Each structure stands twice: as structure tokens, then as C-alpha cells.
Amino acid sequence: ETKRKEMLYACENKPLENDFSMTPMNFTDAGEARRLLGGASTPRLLTVSTLSSEIFTPKVIQLFGEANATMTIAKGFEDKVLKSMQHDWHPLHSALYCENHTSLPNLLLNQLGDRVEMAHSIEGRTPFLDHPLSEYVNSLPPNVKIAVDQEGIAVEKWILREAVKPYITE
């Protein structure tokens, strides 16, 4: 727990010059929302791009509360999903679910994908979003999705990298 708090503190105090943000990075302001999400963090882009409370009048803040992107995301999921996140799913699966239902459709597929492609008359395909493949990968345990290499560095998409090793070099 102490190490986790140190890591969170280091992330929160990282200079944001290179990051798009309107509010400072903060992991501690959404404790209840993170509990609802089974301890998963929400995509950083969504949480730091929340409008600053400074732009709202005190009356608006009194009526609706402080802006909390993580809570907004948590409240957007069905109760059945939230219950699974809290009791059944691994935190990695909860985090991936958040990513797949927030950043993926709204940012990656829409703004960076379809709209850009259509603007240039290009038909793009996202092969790893094939429904049966997605269902299969969702059923895999976390240790094959992210593995730790010999230097102690987390390797994302580990099973995909292992599957294509005979065909693609690094």
C-alpha cells in the first residue's frame, strides 16, 4: 500500500507540460468512484481533461458538486457491470472495460479513426476489434495480457507478441 501511494504521488506530481490537460492530475479525488469501478483507474486523458471548477459559479458547484470525471464514468455503467467490477472482475479487466467503453469509441475510433479516414476517403479496418476475437481475449487471465519481463518492465499485449514472434521481428 505504501509503494502504491508513492507511485500515485509521483504520477500526480509529474509535470504536465507535455500532456493535454485542463486540470491537475489527481488520483485521490475519486475514491468513491474508483471503489465503484473495482479499484480501476479511468483513462488519464478523460480525467485530466475535466473542466476546472474555477469556471463554474459557486451556485453551480453547490447544486451539482465538483467535476469528477471518474464518477461520471462510473455512473454511466449499468449496476450489473459495476457489481461485477467490484466483486468478480480483476482490476485489469475493469480498467479495460472502462477503456473499451470510453476512450475507444469516443476518441480512438471516432475522432482519430472514422472521421479522419472519411475526410480523406479512406476505408479503415480495425482487425483486433473482431467480435469473436474480442470475446476470446476478454476471457483470458490478466497474466497473459500484461507480463513482466526480465528487467521488471510490464509488457502489454504479451500474448499477441508471443503469437506473432515467428512472423514479425521487434
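Modeller: In this predicted model, a helix is a DSSP run of H or I with at least four residues, and a strand is a run of E with at least two, both numbered from the N terminus.

Biologist: How many helices and strands does the chain have, and which pattern do they follow along the sequence?

Modeller: The count gives ten helices and two strands. Read along the sequence, these elements follow the pattern α-α-α-α-α-α-α-α-α-β-β-α.

Biologist: What percentage of the residues of the chain count as buried?

Modeller: Burial requires a relative accessible area under 20%. The chain has 170 residues. Of these, the share that counts as buried is 24%.

Biologist: What part of the exposed area do carbon and sulfur atoms supply?

Modeller: The area exposed by the chain is about 12700 Å². Carbon and sulfur atoms account for a share of 58%.

Biologist: Among contacts between residues at least 6 apart in sequence, what percentage join residues at least 24 apart?

Modeller: A contact places heavy atoms within 4.5 Å. Once the pairs are restricted to residues at least 6 apart, the share joining residues at least 24 apart is 53%.

Biologist: Which residues of H7 are buried, and against which elements do they pack?

Modeller: The buried residues in H7 are Leu 92, His 93, Ser 94 and Cys 98. The elements against which the buried residues of H7 pack are helix H6 (79-87), H8, H9 and strand S1 (146-148).

Biologist: Is Ser 94 buried or exposed, and which residues does Ser 94 touch beyond four places in sequence?

Modeller: Ser 94 is found in helix H7 and has a relative accessible area of 0%, so this residue is buried. Its C-alpha atom is separated by 6.7 Å from that of Gly 38, although the two residues are 56 apart along the chain. Not counting residues up to four places away, Ser 94 touches Leu 37, Ala 40, Met 85 and Trp 89.

Biologist: Are the axes of H7 and H8 parallel, perpendicular or oblique?

Modeller: Helix H7 covers residues 91-101 and helix H8 covers residues 103-119; their axes lie 4 Å apart, at an angle of about 50°. Because that angle is neither under 35 degrees, nor over 145, nor within 65 to 115, H7 is, relative to H8, oblique.

Biologist: Which residues in H8 meet those in H7?

Modeller: H7 brings Cys 98, Glu 99, Asn 100 and His 101 to this meeting. Of these, Cys 98 is also buried. On the side of H8, the partners are Ser 103, Leu 104, Pro 105, Asn 106 and Leu 108.

Biologist: Which residues make the nonpolar surface patch, and which helices each supply at least two of them?

Modeller: The patch covers about 590 Å² and is made by Phe 128, Leu 133, Tyr 136, Val 137, Trp 158, Ile 159 and Leu 160. At least two of the patch residues come from each of helix H9 (131-139) and helix H10 (158-164).

Biologist: Which residues does Leu 133 touch beyond four places in sequence?

Modeller: Leu 133 has its place in helix H9. With a relative accessible area of 31%, Leu 133 is partly exposed; Trp 158, in helix H10, also has 31% and is partly exposed. Leaving out residues up to four places away, Leu 133 touches Pro 127 and Phe 128.

Biologist: What is the N to O distance in the salt bridge of Lys 165 and Glu 162?

Modeller: Side chains of opposite charge can pair when their charged atoms come close. The structure holds one salt bridge. Lys 165 is partly exposed at 48% relative accessible area, and Glu 162 is partly exposed at 32%. Their side chains meet with an N to O distance of 3.0 Å.

Biologist: What is the phi of Ser 121?

Modeller: Most residues other than glycine have a negative phi. Ser 121 lies in the loop between H8 and H9 and is exposed, with a relative accessible area of 70%. Ser 121 is a residue other than glycine with a positive phi, near 55°.

Biologist: Where does Lys 157 lie?

Modeller: Lys 157 also has a positive phi, near 55°. Its relative accessible area is 53%, which means that Lys 157 is exposed. Its place is the loop between strand S2 (154-156) and H10.

Technical notes: Residues numbered from 1 in each chain as written. Predicted model: local features only at pLDDT ≥ 70, side-chain atom pairs only at ≥ 80, totals over all residues. Heavy atoms only, no water. Buried < 20%, exposed > 50% of the residue type's maximum accessible area, 1.4 Å probe, protein only. Areas by Shrake-Rupley, 256 points an atom, 1.4 Å probe, with all protein chains shown as cover. Patch = residues over 30% accessible without salt bridge, like charges linked within 9 Å, V, L, I, M, F, W, Y side chains within 5 Å. Salt bridge = Lys/Arg side-chain N within 4 Å of Asp/Glu carboxyl O. Axes fitted to C-alpha atoms, helices over the stretch in contact; angles between N-to-C directions.
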